[in-house]
Structure formats: C-alpha cells, structure tokens
Amino acid sequence: MTYKEFKERVEELGLSCRFYDYGVNVYSIDDFAIATIYDTKRYFGVINFNSSLDSIKKVALLWLCYDLMRTPLENRGELQ
C-alpha cells in the first residue's frame, strides 16, 4: 500500500492524516492522534484504540495500518 492509497482510505473512514519526516499520523475528528506509522522500519507503528471510533472503524483502521506497515519502505512511495 502506498501513502497516497493509505490517505484516501483513511479519509473514507472520516479520519485525517498528516505526514511528517518520521512517517504518518492518523487523527480522529476531534484532532486526537490515534495511529502513527513510522517510515524508519517496516512493521513499526503505534495504534491507540482508546478513541471514540466505533468498532467497525477501529477494525478497518487496524487493517489499513497493518497493510501500510507490512509494505516494504521502498514500495510506499513519497511521504505526502
């Protein structure tokens, strides 16, 4: 999964994401960081499910983050 695809899918869930030098953060509607996927190592990220997301969105976000984290760094594209 590329960063572009990730961003599009996150926005479909009604969430937003921002790109930084270290990777990407996913934010809830109330601007609370609920996930961070790092661009330094494969399979390196943090997901916080203590948010107000319903269970369906939590599962969808988990799979999106998993797909991005398992993608080799060189195949993710440019950080937006």
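## Briefing: loops, patches and salt bridges

Let's start with Tyr43, which sits in the loop that links β3 and β4. This is a predicted model, with local features requiring pLDDT of at least 70 and side-chain atom pairs counting only at pLDDT 80 or more, while totals for chains, interfaces and linings use all residues. Numbering runs from 1 along each chain as its sequence is written, and side-chain values use heavy atoms, leaving out hydrogens and water.

**Overall layout**

- The protein chain has two helices and four strands (DSSP runs numbered from the N terminus, with helices being H or I of at least four residues and strands being E of at least two).
- Going along the sequence, those elements come in the order α-β-β-β-β-α.
- The radius of gyration of the protein chain is 11 Å, close to the 12 Å that the globule rule gives for 80 residues, so the chain is as compact as a globular protein of that length. Both numbers refer to C-alpha atoms, and the rule is 2.2 Å times the number of residues to the power 0.38.
- The C-alpha trace of the protein chain spans about 35 × 20 × 20 Å along its principal axes.
- Of the 80 residues in the protein chain, 34% are buried (buried is under 20% relative accessible area, exposed is over 50%, and partly exposed is in between, with a 1.4 Å probe and protein chains only).

**Surface patches**

- Tyr43, from the loop between β3 (33-38) and β4 (45-47), joins Val59, Leu62, Trp63 and Tyr66 in a nonpolar surface patch. Together these residues offer about 530 Å² of accessible area (Shrake-Rupley, 1.4 Å probe, only the protein chains shown counting as cover for residues).
- A patch takes residues with over 30% relative accessible area and no salt bridge, joining like charges within 9 Å and nonpolar side chains (Val, Leu, Ile, Met, Phe, Trp, Tyr) within 5 Å.
- There's also a negatively charged surface patch, made by Glu5, Glu8, Glu11 and Glu12. Asp and Glu count as negative, Lys and Arg as positive, and His and the chain ends are left uncounted; a charge is placed at NZ of Lys, CZ of Arg, CG of Asp or CD of Glu.
- Glu11 belongs to helix α1 (residues 3-12) and is partly exposed at 43% relative accessibility.
- Glu12 is found in helix α1 as well, and at 63% relative accessible area Glu12 counts as exposed.

**Salt bridges**

- The count comes to two salt bridges (a side-chain nitrogen of Lys or Arg within 4 Å of a carboxyl oxygen of Asp or Glu).
- One pairs the side chains of Asp31 and Arg18, at 2.5 Å from N to O. Asp31 is in the loop between β2 (23-27) and β3, while Arg18 is in strand β1 (residues 16-20), so this pair ties together parts that are 13 residues apart in sequence.
- Both partners are partly exposed: Asp31 has 45% relative accessibility and Arg18 has 34%.
- The side chains of Asp67 and Arg70 make a salt bridge too, at 3.4 Å from N to O. Asp67 and Arg70 are about one helical turn from each other, because they are three residues apart in helix α2 (residues 55-70).
- Asp67 is partly exposed at 22% relative accessibility, and Arg70 is partly exposed at 40%.

**Backbone oddities**

- Most residues other than glycine have a negative phi.
- Asp31 isn't a glycine, yet its phi is positive, at about 65°. This is the loop residue between β2 and β3 that also bridges to Arg18.
- Tyr43 has a positive phi as well, near 65°, and is likewise not a glycine.

**Helix ends and distances**

- Tyr3 is part of helix α1 and is buried, with a relative accessible area of 0%. Tyr3 and Phe19 lie 16 residues apart in sequence and 9.1 Å apart from C-alpha to C-alpha.
- For Glu12, the partner is Phe32: 20 residues separate them along the chain, and 17 Å separates their C-alpha atoms.
- Ser55 is in helix α2 and is exposed, at 53% relative accessible area. The C-alpha atoms of Ser55 and Ala35 are 15 Å apart, with their positions 20 residues apart along the chain.
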